[in-house]
2 protein chains.
Amino acid sequence: MARLQINLDSEVPVYRQIVDGIRILLVEGKLAPGSELPPVRRIALDLGIHFNTVAEAYRILADEGWLDLRHGRGATVLRRDTPLAANAGRVQEFRHRLRALIAEIRSQGASAAKLSAELRSLADELKHEA
Amino acid sequence: MARLQINLDSEVPVYRQIVDGIRILLVEGKLAPGSELPPVRRIALDLGIHFNTVAEAYRILADEGWLDLRHGRGATVLRRDTPLAANAGRVQEFRHRLRALIAEIRSQGASAAKLSAELRSLADELKHEA
DNA sequence: AATAGTGTATACTGTATGTGTACACTAAAC
DNA sequence: GTTTAGTGTACACATACAGTATACACTATT
């Protein structure tokens, strides 16, 4: 599995950074159904954190239906049919969180032009996946 | 000032939702330098929370250089020259957080096509602002 | 069986979040 | 000038969250 990037100084809790990082791989198909994830202790060792923190992340992804998590056997990626249609509220929430993210980065000095280009690039990637 | 939208059930702390919401208005120029923000008690009353929670949000925005916060007088928006050039690290962080956000919403059922369209729309808005 | 390797459960510590309350500063009324 | 109303500030507190330590239970292999 691709190496996860964790920032211990971030305001975002580590377990959520792990969830976010693995979910990217899952959604983008870089972790296919049937794959086995590394044991919690191994990831924990790599990242320099406690294995329970990784286990918490695995549990969340299992709750979301991404992982089959079984006592003594490890974690495997499930085939996960898209759960629900996108309703308007979800897309609106996305829009709001995206605006907040853009505002935060601009507030730190990133130019609107540069971010606009990044957004277009991501939009294209997404389009090809769809 | 435009009404802030706060979700008390969100996993995101209320004070940070306030920071995010106001920062959007600031970055997009909808709160111009010289404007006065409402007193912390008034916003708190509107949102049904304690005024100290709003005060915490104001302090953060003041630390970021957006607000002039003065004892007994209220909060006014400062002219804030862009603080730093966008370095590569910041844009990379943006990209990663954006991917995480997209993955999360897709994981909840939003289609790649729809999100791609949203991204393009936001990219265009940004471009016009630049 | 025994063992090594997996995830689980629970108690514990430090930190973050939000509130209550008293305070200090400013401006306006008098 | 003093008073008063309105503002942000400081700090203690209750509670929830994040991360760790440790003992446990399940699975597969020997």
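The following conversation walks through a predicted model, its two protein chains and its two DNA strands.

Trainee: What should I know about the numbering and the model before starting?

Mentor: Residues are numbered from 1 along each chain as its sequence is written, while chains are lettered from A and ligands numbered from 1 in the order in which they are written. The model is predicted: local features need pLDDT of at least 70 and side-chain atom pairs count only at pLDDT 80 or more, whereas totals for chains, interfaces and linings use all residues.

Trainee: How many helices and strands are there in chain A?

Mentor: Chain A has five helices and three strands. Helices (H or I, at least four residues) and strands (E, at least two) are DSSP runs, numbered from the N terminus.

Trainee: In which order do the elements of chain A run?

Mentor: Starting at the N terminus, the order is α-β-α-α-β-β-α-α. The C-alpha trace of chain A spans about 50 × 35 × 25 Å along its principal axes.

Trainee: Which strands of chain A pair with β3(A)?

Mentor: Strand β1 (residues 36–37) of chain A pairs with β3(A) in the antiparallel sense over two bridges, and strand β2 (residues 67–70) of chain A pairs with β3(A), also antiparallel, over four bridges. Pairing here requires that DSSP finds at least two bridges between two strands. Opposite A:Thr76 in β3(A) stands A:Glu36, and opposite A:Ala75 stands A:Leu69.

Trainee: What lies between β2(A) and β3(A)?

Mentor: Three residues lie between them in a hairpin, and A:Gly72 in the turn has a positive phi of about 80 degrees.

Trainee: Moving to helices, how do α2(A) and α3(A) cross?

Mentor: Their axes come within 8 Å and cross at roughly 120 degrees. Axes are lines fitted to C-alpha atoms, for helices over the stretch in contact, and angles run from 0 to 180 degrees between N-to-C directions. The crossing angle makes α2(A) oblique to α3(A); angles under 35 degrees count as roughly parallel, over 145 as roughly antiparallel, 65 to 115 as roughly perpendicular and the rest as oblique.

Trainee: Which residues make the contact?

Mentor: From α2(A) come A:Val40, A:Arg41, A:Ile43 and A:Ala44, and from α3(A) come A:Phe51, A:Thr53, A:Val54, A:Ala55 and A:Tyr58. Two residues are in contact if their C-beta atoms, placed from the backbone, lie within 7 Å. By class, this contact has seven nonpolar, one polar and one charged residues. Ala, Val, Leu, Ile, Met, Phe, Trp, Tyr, Cys and Pro count as nonpolar, Asp, Glu, Lys and Arg as charged, and the others, Gly among them, as polar.

Trainee: What is the strand order in the sheet of chain B?

Mentor: The order is β1-β3-β2 in an open sheet of three strands, with antiparallel pairing. β1 (36–37) and β2 of chain B stand at the edges with a single partner strand each, so one side of each has no neighbour in the sheet.

Trainee: Which helix packs on that sheet?

Mentor: α3(B) does, touching β2 and β3 of chain B, and its direction makes about 125 degrees with that of β2(B). Within the sheet, B:Ala75 in β3(B) is the bridge partner of B:Leu69 and of B:Leu37.

Trainee: How many residues of chain B are in contact with chain A?

Mentor: 43 residues of chain B are in contact with 43 residues of chain A. On the chain B side, α1 (14–27), α4 (88–107) and α5 (112–129) each supply at least two residues, and α4(B) gives the largest share, 15 residues. By class, that side has 23 nonpolar, six polar and 14 charged residues.

Trainee: Now the DNA. Which residues are closest to strand C?

Mentor: Among the 22 residues that surround DNA strand C, the closest are A:Gly72, B:Pro13, B:His50, B:Asn52 and B:Gly72. A residue is near a molecule or strand if its C-beta atom, placed from the backbone, lies within 6 Å of it. α3(A) gives the most to this surface, with four residues, and by class the surface has 10 nonpolar, nine polar and three charged residues.

Trainee: And which come nearest to DNA strand D?

Mentor: A:Pro13, A:His50, A:Asn52, A:Gly72 and B:Gly72 come nearest, out of 22 residues around DNA strand D. The largest share of the surface near DNA strand D, four residues, comes from α3(B).
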